Amino acid sequence: MDKLWAPWRQTYVTQLIGKTKKCVFCRIIKERKDKKNFIFMRTKYSFAVLNIYPYNNGHVLVMPFRHVDDLDKLQEKELVDLMNLMTACKKLLQKVLGPKGYNIGINLGRVAGAGFPGHVHIHIVPRWPGDVNFMPVTADIKVISQSLRTLYERLLRVQKKKV
Ligand SMILES: [Zn+2]
């Protein structure tokens, strides 16, 4: 499990925060360029986005629109919305990628490995047998962003079919 969770300590979020001092999640919410930012679902209080530094194929982040650092700062309606979106994402991933299992979790606080502790987010990581070497450190970022784009389009397509 260490291997799986450790990379999230160095997500793009940390790097961007260092440069802009602003929350990247809040920025992409307001930007309204969902395709560019890989946001594939929005609900009333929450949204889902592909992690652009995925640790596995289909690594998704689900979070509230509101900038809070812990779930206990969310209202009940926001919590329910968040959990519903998480479930919907998992169902969608199952349809599109058909993984054999999932790691779903939240890192609260920097000591727990949160790349950016300011804006609480739930990781959904699909798992397949023998998948631990999905993205070696030396992986070509261009290849990854291309495969992200392909996955993003598939998620949108399957989502539309369902509705
Ligand atoms: Zn934020």
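**Around Ala 48: sheet, helices and core**

Setting aside its neighbours within four places in sequence, Ala 48 makes contact with Phe 40, Met 41, Val 60, Val 62, Leu 85 and Cys 89. This small set of partners is a handy way into the predicted model. Ala 48 is also one of the residues that touch the most other members of the largest nonpolar core, a group that further includes Val 49, Val 60, Val 62, Met 63, Cys 89 and Ile 124. That core holds 26 residues. Two or more residues are given to it by each of helix H3 (24-31), strand E1 (39-42), strand E2 (46-50), strand E3 (60-64), helix H5 (76-97), strand E5 (122-127) and helix H6 (141-162). H5 provides the largest share, with 5 residues. In soluble globular proteins, nonpolar side chains tend to be buried together.

Stepping back to the whole chain, the secondary structure consists of 6 helices and 5 strands. Read from the N terminus, the order of elements is α-α-α-α-β-β-β-α-β-β-α. The chain has 163 residues, of which 27% are buried. Of the contacts between residues at least 6 apart in sequence, 68% link residues at least 24 apart.

The 5 strands make up an open sheet with the order E1-E2-E3-E5-E4, and their pairing is antiparallel. E1 and E4 are the edge strands, each pairing on one side only. From one strand to the next, the twist averages 20°. At the E1 side, E1 and E2 form a hairpin with 3 residues between them, and the two strands pair over 3 bridges in the antiparallel sense. Within this pairing, Ile 39 has Val 49 of E2 as its bridge partner. Further along the sheet, E3 and E5 are likewise antiparallel, over 3 bridges. Here Val 62 is matched with Ile 122 in E5.

The edge strand E4 (residues 101-105) contains Tyr 102. Apart from neighbours within four places in sequence, Tyr 102 is in contact with Lys 90, Ile 124, Val 125, Pro 126 and Arg 127. The last of these partners, Arg 127, is 25 residues away from Tyr 102 in sequence, yet the two C-alpha atoms are 5.2 Å apart in space. Tyr 102 has 17 C-beta neighbours inside 10 Å and therefore counts as partly exposed.

Helix H5 lies across E1, E2, E3, E4 and E5, and runs at about 160° to E3. The 22 residues of H5 should span 32 Å at 1.5 Å a residue, and the 31 Å between its end C-alpha atoms agrees with this. Which residues of H5 are buried? They are Leu 82, Leu 85, Cys 89, Leu 92 and Leu 93. These residues cover an arc of only 100° around the axis, so they sit on the same side of H5. An α-helix has 3.6 residues a turn, so residues three or four places apart point the same way. The other side of H5 carries the exposed residues Glu 76, Lys 77 and Lys 91. Just after H5 comes Gly 98, with a positive phi of about 55°.

Helix H3 can be described along similar lines. Its buried residues are Val 24, Phe 25 and Ile 29. The arc that they cover around the axis is only 140°, which places them on the same side of H3. Arg 27, Lys 30 and Glu 31 are exposed on the other side.

Two further residues deserve a look for their backbone. Most residues other than glycine have a negative phi, and most peptide bonds are trans. Arg 32, just after H3, instead takes a positive phi of about 60°. Arg 32 belongs to the loop between H3 and helix H4 (34-37). Phe 38 is not a glycine either, and has a positive phi of about 65°; this residue is found in the loop between H4 and E1. Are these two loop residues buried or exposed? With 10 other C-beta atoms within 10 Å, Arg 32 is exposed, whereas Phe 38 has 21 within 10 Å and is buried.

Methods. Residues are numbered from 1 along each chain as its sequence is written. This is a predicted model: local features need pLDDT of at least 70, side-chain atom pairs count only at pLDDT 80 or more; totals for chains, interfaces and linings use all residues. A nonpolar core is a set of buried Ala, Val, Leu, Ile, Met, Phe, Trp, Tyr and Cys residues joined through C-beta atoms within 7 Å. A residue is buried if 20 or more other C-beta atoms lie within 10 Å of its own, exposed if 12 or fewer, and partly exposed in between; C-beta atoms are placed from the backbone. Helices (H or I, at least four residues) and strands (E, at least two) are DSSP runs, numbered from the N terminus. Two residues are in contact if their C-beta atoms, placed from the backbone, lie within 7 Å. The expected span of a helix is 1.5 Å times one less than its number of residues. The arc is that of the directions from the helix axis to the C-beta atoms. Two strands pair if DSSP finds at least two bridges between them. Axes are lines fitted to C-alpha atoms, for helices over the stretch in contact, and angles run from 0 to 180 degrees between N-to-C directions.
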